[in-house]
Amino acid sequence: MTKRILAVDDDAKVLKILQHSLTREGFEVICASDGFEALERAKETKPDLILLDIMMPGMDGFETLRHLKEFLDVPVIILSARGEELDRVVGFRMGVDDYQTKPFSPVELALRVKAVLRRSVSSAKQKTAEIIKYGGLVIDYNKRLVENGERSINLTPKEFELLWLMASHPGQVFTKPHLLERVWESTYEGDENTVNVHIRRLREKIEDDPSSPIYIKTVWGTGYKFLG
């Protein structure tokens, strides 16, 4: 089945490039020139992925994203001419799946789109099965069991919640504030050391070599991600 991409940008030239390059890769591309049109197109077409510009008049990308998430749960890749770390952190905290700065290579962007869609399909299958398997690592949500090879791993409830959240979204970057909000239901930034401690303990328990982890990776300046 052809995947449908909603491309949102106020620059007509960028939309033309996106439509041409992604159509050539086999995607159906729907275009919107601002946030308001994006909301209408999203409701009408139910896209599989959204490419969303940040700097738009009237309603910027972040505000558009907040409204989209009220009725749609699909992967989002942010497009921005600004490469500030703050924009990336805000985007990842809001749950975006990737961030592409402008100008961009159409070939690279197409590869990013395909990778994010693959992760999305994988995550959906894992949520249905409620058992995640990566190599020798097995995580059973219903039984709250974790094994690595023949070794059974004992986790605290919060350690398990943290591991399940990250493992069920492989490749997605989670900021520390985002993890605090999702796992501990806290928005106090002073609690971020709690995340660091739990990540360290998880690595000590699930990794064969905690000093060189293969599952939980640090994304410097941003947070952590799980590599499946």
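Buried area is the accessible area, taken with a 1.4 Å probe, that two parts lose on being put together, summed over both. The size of an interface is often given this way, as accessible area lost when the parts come together. I start there since the chain I am showing is split in two.

First, the ground rules. This is a predicted model, in which local features need pLDDT of at least 70 and side-chain atom pairs count only at pLDDT 80 or more, while totals for chains, interfaces and linings use all residues. Residues are numbered from 1 along each chain as its sequence is written, and side-chain values use heavy atoms, with hydrogens and water left out.

Now the two parts. The domain assignment gives domain 1 as 4-127 and domain 2 as 131-226; such bounds come from an automatic or database domain assignment. Domain 1 contributes 12 residues to the contact and domain 2 contributes 17, where contact means heavy atoms within 4.5 Å. The C-alpha centres of the two domains are 27 Å apart.

How much area do domain 1 and domain 2 bury between them? About 1200 Å², with 49% of it on carbon and sulfur atoms. Salt bridges between domain 1 and domain 2 number 0; by that I mean a side-chain nitrogen of Lys or Arg within 4 Å of a carboxyl oxygen of Asp or Glu. Residue pairs in polar contact between domain 1 and domain 2, both at pLDDT 80 or more, also come to 0. A polar contact is a pair of N or O atoms within 3.5 Å; within protein, one must be able to donate a hydrogen and the other to accept it, and residues adjacent in sequence count only if both atoms are side-chain atoms.

On the side of domain 1 that touches domain 2, helix H4 (85-93) and helix H5 (106-129) each supply at least two residues. The largest share of that side, 5 residues, comes from H5. Helices (H or I, at least four residues) and strands (E, at least two) are DSSP runs, numbered from the N terminus.

Next, the sheets. One is an open sheet of 4 strands in the order E6-E7-E8-E9, with antiparallel pairing; two strands pair if DSSP finds at least two bridges between them. Its edge strands are E6 (131-134) and E9 (151-153), and each pairs on one side only. Neighbouring strands of this sheet are turned by 15 degrees against each other on average, direction ignored. For angles, axes are lines fitted to C-alpha atoms, for helices over the stretch in contact, and angles run from 0 to 180 degrees between N-to-C directions.

Strand E8 (residues 145-148) is joined to E9 by 3 bridges, the two running antiparallel. Asn 148 stands opposite Arg 151 in E9. Helix H8 (residues 192-206) packs on the sheet, touching E7, E8 and E9, and its direction makes about 160 degrees with that of E9. Helix H6 (residues 157-167) lies across E6, E7 (137-140) and E8, at about 110 degrees to E7.

The other open sheet has 3 strands in the order E10-E12-E11, again with antiparallel pairing. Strands E10 (174-175) and E11 (216-219) stand at the edges with a single partner strand each, so one side of each has no neighbour in the sheet. E10 and E12 pair over 2 bridges, with Thr 175 opposite Gly 223. E11 and E12 (residues 223-226) are joined by 4 bridges; Lys 217 has Lys 225 as its bridge partner, and Thr 218 stands opposite Tyr 224. Their hairpin has 3 residues between the strands, and Gly 221 there takes a positive phi near 80 degrees.

Two backbone details are worth a look. Most residues other than glycine have a negative phi, and most peptide bonds are trans. Lys 46, not a glycine, has a positive phi of about 50 degrees; Lys 46 lies in the loop between helix H2 (35-45) and strand E3 (49-53). Lys 102 and Pro 103 are joined by a cis peptide bond, omega about -5 degrees.

Which residue does Lys 102 meet in a salt bridge? Asp 9, at 2.5 Å, N to O. The pair links distant parts of the chain, 93 residues apart: Lys 102 is in the loop between E5 and H5, and Asp 9 in the loop between strand E1 (4-8) and helix H1 (12-24). The structure holds 10 salt bridges.
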